[in-house]
Amino acid sequence: MRRLDQMLNAVAVKEVTITLIGESGTGKEILARRIHEVSPRRSGPFTPINCAAIPDALFESELFGHERGAFTGATDRAKGKIEAAEGGTLFLDEIGEMPIAMQAKLLRFLENRRYMRVGGAAKLQADVRLVFATLRPLADEVKAGRFGRTSTIGSRASR
């Protein structure tokens with residue numbers, strides 16, 4: 001446990017995207033929170049999102065937010081999880097369960113930290129650290145064709 005805490009402390013101070021790999025119930029979210037708490041981003045929010053619990057049709061709005069009138073029932077502008085995590089950490093649990101279409105949009109966000117709300121025209125900038133968690137190594141999922149049409153999302157996220 002001490003060795004693990006030393007590793008978390010070492011990586012927490014770096015501005016890198018982190019992927020935690022482990023079985024269900026092994027405490028990946030606890031580790032993600034610990035990384036946030038010892039990082040320079042500790043005064044910002046820790047915003048978790050369980051990718052397996054969000055229906056495909058709602059995923060983009062949940063992550064990026066939406067503008068009023070973007071779809072039936074969108075009566076107000078809504079912040080997404082990325083915007084809610086501004087200045088802090090966005091924890092994407094079960095990243096391997098993210099719909100393929102959303103993976104490409106997340107990759108674009110990872111590359112330049114810019115995004116658009118659903119139904120929006122303005123590009124927004126976000127200062128967030130991303131921590132991913134997965135049951136299975138993403139490189140294995142890419143090889144099996146279950147994650148990412150491009151191999152770059154797995155390799156970038158695993159740094």
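From the N terminus on, the elements of this predicted model follow the order α-β-α-β-α-α-β-α-β-β-β-α-α. Seven helices and six strands are found along the chain. The radius of gyration is 16 Å, close to the 15 Å that the globule rule gives for 159 residues, so the protein is as compact as a globular protein of that length. Along its principal axes, the C-alpha trace spans about 50 × 40 × 30 Å. Of the 159 residues, 43% are buried. It is also worth looking at how far apart in sequence the contacting residues lie. Among contacts between residues at least 6 apart in sequence, 70% join residues at least 24 apart.

The interior comes next. In soluble globular proteins, nonpolar side chains tend to be buried together. Here the largest nonpolar core holds 24 residues, and Leu63, Leu92, Ile95, Leu106 and Phe109 are the ones that touch the most other members. At least two residues of this core come from each of α3, β3 (89-93), α5, β6 (129-134) and α6 (138-143). The element that gives the most to this core is α5, with four residues. A friendly place to begin a tour of the core is Leu92. Not counting residues up to four places away in sequence, Leu92 touches Ile49, Cys51, Leu63, Leu106, Leu130, Val131, Phe132 and Ala133. Apart from the largest core lies another one, made of eleven residues, with Leu8, Ile18, Val38 and Ala133 among them.

Helix α3 can be followed from its buried side. Phe59, Ser61, Leu63 and Phe64 are the buried residues in this helix. Their cover includes β2 (46-50), α4 (81-84), β3, α5 and β4. Just after α3 comes Gly65, which takes a positive phi of about 85°.

Strand β2, one of the elements that cover the buried residues of α3, is home to Thr47. The relative accessible area of Thr47 is 8%, so this residue counts as buried, the cut-off being under 20%. Leaving aside neighbours within four places in sequence, Thr47 is in contact with Lys81, Ala84, Ala85, Thr89, Leu90 and Phe91.

Two loop residues also deserve a look for their backbone angles. Glu94 sits in the loop between β3 and α5, and its phi is near 55°, a positive value in a residue other than glycine. Glu94 has a relative accessibility of 13% and therefore counts as buried. Arg113 is found in the loop between α5 and β4. The phi of Arg113 is near 60°, again a positive value in a residue other than glycine.

Finally, there is the open space in the model. Rolling a probe the size of a water molecule over the atoms shows where empty space is left. The largest pocket has a volume of about 210 Å³. Its lining is formed by Glu60, Phe64, Lys105, Arg108, Phe109, Asn112, Arg114, Tyr115, Met116 and Lys123. Two or more of these lining residues come from each of α3 (56-64), α5 (100-112) and β4 (114-115). With four residues, α5 gives the most to the lining. By type, the lining divides into four nonpolar residues, one polar residue and five charged ones. Helix α5 thus appears in both settings: α5 gives the most to the largest core and also the most to the lining of the largest pocket. Phe109 makes the link at the level of a single residue, as one of the core members that touch the most others and as part of the pocket lining.

How values were computed: Residues are numbered from 1 along each chain as its sequence is written. This is a predicted model: local features need pLDDT of at least 70, side-chain atom pairs count only at pLDDT 80 or more; totals for chains, interfaces and linings use all residues. Side-chain values use heavy atoms; hydrogens and water are left out. On a 1 Å grid over the protein atoms alone, a cavity is a set of points where a 1.4 Å probe fits but cannot get out, and a pocket is an open set with protein on both sides within 12 Å along at least five of seven lines; lining residues have an atom within 4 Å of a point. Grid points are joined across faces, edges and corners, and a volume is the space filled by probe spheres set on the points. Ala, Val, Leu, Ile, Met, Phe, Trp, Tyr, Cys and Pro count as nonpolar, Asp, Glu, Lys and Arg as charged, and the others, Gly among them, as polar. A nonpolar core is a set of buried Ala, Val, Leu, Ile, Met, Phe, Trp, Tyr and Cys residues joined through side-chain atoms within 4.5 Å. Buried means under 20% relative accessible area, exposed over 50%, partly exposed in between (1.4 Å probe, protein chains only). Contact means heavy atoms within 4.5 Å. The radius of gyration is taken over C-alpha atoms; the globule rule is 2.2 Å times the number of residues to the power 0.38.
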